[in-house]
Amino acid sequence: MSSLEKRVMVDMSATIIHHGHIRLLKKASEYGKVIVGLTTDDEVLAKKGYQPELDFEHRKEILEAIKYVDEVVPVPWALDDGVLEKYSIDLLVHGDDNSNNIQKEKLLIFPRTKGICSSDIRKKSSLIANKIKRNILLNPGPATTTDSVKMAQVVPDICPREYEFGDLMEFVSIELTKIVANPKEYTTVLFGGSGTAVVEATLTSAVPHDKKVLIVNNGAYGKRMCQIADAYGMDYIEFESSPIEPVEVEKLKKVIEENENISHLAVIHNETTTGLLNNLDEFGEIAKEYNLELIVDAMSSYAALPIDMKKQNISYLCASSNKNIQGMAGVGFVIANTKKLEKLKEIKPRNFYLNLFAQYENFIKSHQMRFTPPVQTLYALKQAIIEAKEEGIENRYKRYSKSWERLTNELKKMGLKYLVDDKYHSKIITSIFIPDGVDFNEMHDYFYERGFTIYPGKVAEFNTFRVANIGEIDYRDMEEFLKLFKEYLGGKN
Ligand SMILES: Cc1ncc(COP(=O)(O)O)c(C=O)c1O
């Protein structure tokens with residue numbers, strides 16, 4: 001008998017058909033005629049504990065339409081030699097979870113396709129069917145995410161030291177780099193932690209002990225860089241600048257010229273305190289002119305505003321998983337020039353967990369973080385990256401900008417003022433003056449009850465609140481917010 005004439009049984013319940021089934025059937029067809037032993041409805045109910053979504057006849061009809069399948073016959077949950085004899089079966093093909101009690105010579109085991117099984121699909125669809133409430137987050141991250149990003153976290157348990165998980169982190173690292181640089185020259189180093197962790201990692205790991213960092217402080221996040229440097233007793237110069245006006249470049253240059261030993265210049269791209277956009281082209285030019293390494297906190301600009309690390313002479317760029325990339329909170333990352341990362345080896349570590357070189361070196365060797373990563377956040381981040389690529393960063397920023405324009409046009413019509421002139425605005429977050437007679441907390445609660453989250457202001461001298469327009473929201477959500485805002489203010493009069 002030639003091998004093609006063999007009758008090969010593949011047993012399955014096929015309640016939800018997926019690519020793992022197709023791959024198994026295809027492989028089986030290489031051994032002869034494929035006879036699917038399809039578990040009957042009663043047996044699925046008795047052994048798996050649920051009524052199949054599709055009954056036997058419909059599952060059979062689907063299987064018969066698959067080109068690798070020659071016949072479909074009813075079988076019980078557990079197969080034995082009697083069943084094989086009844087259908088004249090020469091070989092039984094099964095995944096590596098086989099529990100059928102049949103003679104070894106008739107058994108052909110294939111590994112199961114990784115990462116897929118009907119019960120996981122069932123779990124995910126039931127979560128989707130339960131429809132998660134959509135909250136409109138107008139705080140500047142964590143941002144509103146898609147359901148598919150939320151669902152991406154529901155995965156089989158996995159030890160993050162497995163190669164499969166290393167591959168996921170490699171994908172994440174390379175794709176995050178591609179948004180702002182060429183992965184042949186730049187590398188993304190991932191940390192479990194929030195954005196502040198990676199700003200801290202960068203400042204403490206990149207600046208040599210005998211050098212100084214010049215920190216531009218024109219908002220709360222510039223100030224935070226100074227606080228980090230203080231906490232480590234680092235030598236730094238604070239360049240204070242207006243929170244609402246562009247940095248006076250000539251003044252900054254003067255500071256560089258008047259001080260010795262400055263090796264690094266650190267700046268926030270989009271000051272999330274106000275929405276003031278620091279001009280990276282200008283900072284890149286300064287870094288070049290004075291031979292400084294430029295550190296950029298791009299927490300609330302990355303994956304929306306255009307950034308080109310090479311062109312803009314940026315050595316280190318910090319961002320996180322939960323803002324414009326639209327993933328879950330828990331991963332911070334530093335994108336850096338690879339040659340510069342290699343050189344960090346020469347700097348004696350100021351800390352342990354947050355050491356950038358150690359994290360980089362370990363990742364290059366093993367595609368692993370040094371310590372336990374936020375596993376599910378990384379699955380969500382992968383999905384978020386896929387969706388960011390589908391939308392395109394430029395289009396994402398257009399979508400964000402459209403919401404911002406709706407917001408600010410309406411604010412102008414309502415006679416309300418906001419910080420930072422449109423010319424210098426990031427169009428990502430707006431700091432709005434709180435109208436007279438309005439209490440922020442009360443207004444917050446009014447919106448919160450209606451599914452919108454607004455954020456307090458952060459500049460001490462101005463009484464403001466903040467509205468961000470990032471995440472999986474668009475101008476229609478902003479219009480809804482504005483409608484509620486008018487209703488709220490109307491109720492005050
Ligand atoms: C510019 C900037 N830097 C740093 C941070 C701190 O990030 P995290 O709160 O994730 O630590 C934020 C947070 O909003 C930010 O906007």
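In the ligand site of this predicted model, a polar side-chain atom of S194 sits 2.6 Å from an oxygen atom of the ligand. A backbone N or O atom of the neighbouring-numbered G195 is placed 2.8 Å from an oxygen atom of the ligand, and a polar side-chain atom of D297 comes to 2.5 Å from a nitrogen atom of the ligand. Such pairs qualify as polar contacts, that is, N or O atoms within 3.5 Å. The full surroundings of the ligand comprise S194, G195, T196, Y221, R224, I268, N270, T272, D297, M299 and K323, where a residue is listed if one of its heavy atoms lies within 4 Å.

A word on the reading of these values may help. Residues are numbered from 1 along each chain as its sequence is written, and side-chain values use heavy atoms, leaving out hydrogens and water. As the model is predicted, local features need pLDDT of at least 70 and side-chain atom pairs count only at pLDDT 80 or more, while totals for chains, interfaces and linings use all residues.

Turning to the helices, two packed helices are described by the angle between their axes and the distance between the axes. Helix α14 (residues 375–391) packs against α15 at about 85 degrees, with the axes 6 Å apart; the two are therefore roughly perpendicular, a label given to angles of 65 to 115 degrees. From α14, E387, A388 and E391 meet I393, N395, R396 and R399 of α15, contact meaning heavy atoms within 4.5 Å. These residues divide into two nonpolar, one polar and four charged.

On α15 (residues 393–413) there is also a meeting with α17 (residues 475–492), where the axes come within 8 Å and cross at roughly 25 degrees. The pair α15 and α17 is therefore roughly parallel, the term for angles under 35 degrees. K402, S403, R406, L407, E410 and L411 of α15 make this contact with Y475, M478, E479, F481, L482, F485 and K486 of α17. By class, the residues of the contact between α15 and α17 are seven nonpolar, one polar and five charged.

The backbone offers two further details. Most residues other than glycine have a negative phi, and most peptide bonds are trans. The peptide bond from G141 to P142, however, is cis, with omega near -5 degrees; P142 belongs to the loop between β6 (136–137) and α6 (147–151). N313, which is not a glycine, has a positive phi of about 60 degrees, and is found in the loop between β13 (293–297) and β14 (314–320).

Definitions and conventions: Axes are lines fitted to C-alpha atoms, for helices over the stretch in contact, and angles run from 0 to 180 degrees between N-to-C directions. Helices (H or I, at least four residues) and strands (E, at least two) are DSSP runs, numbered from the N terminus. Angles under 35 degrees count as roughly parallel, over 145 as roughly antiparallel, 65 to 115 as roughly perpendicular and the rest as oblique. Ala, Val, Leu, Ile, Met, Phe, Trp, Tyr, Cys and Pro count as nonpolar, Asp, Glu, Lys and Arg as charged, and the others, Gly among them, as polar. A polar contact is a pair of N or O atoms within 3.5 Å; within protein, one must be able to donate a hydrogen and the other to accept it, and residues adjacent in sequence count only if both atoms are side-chain atoms.
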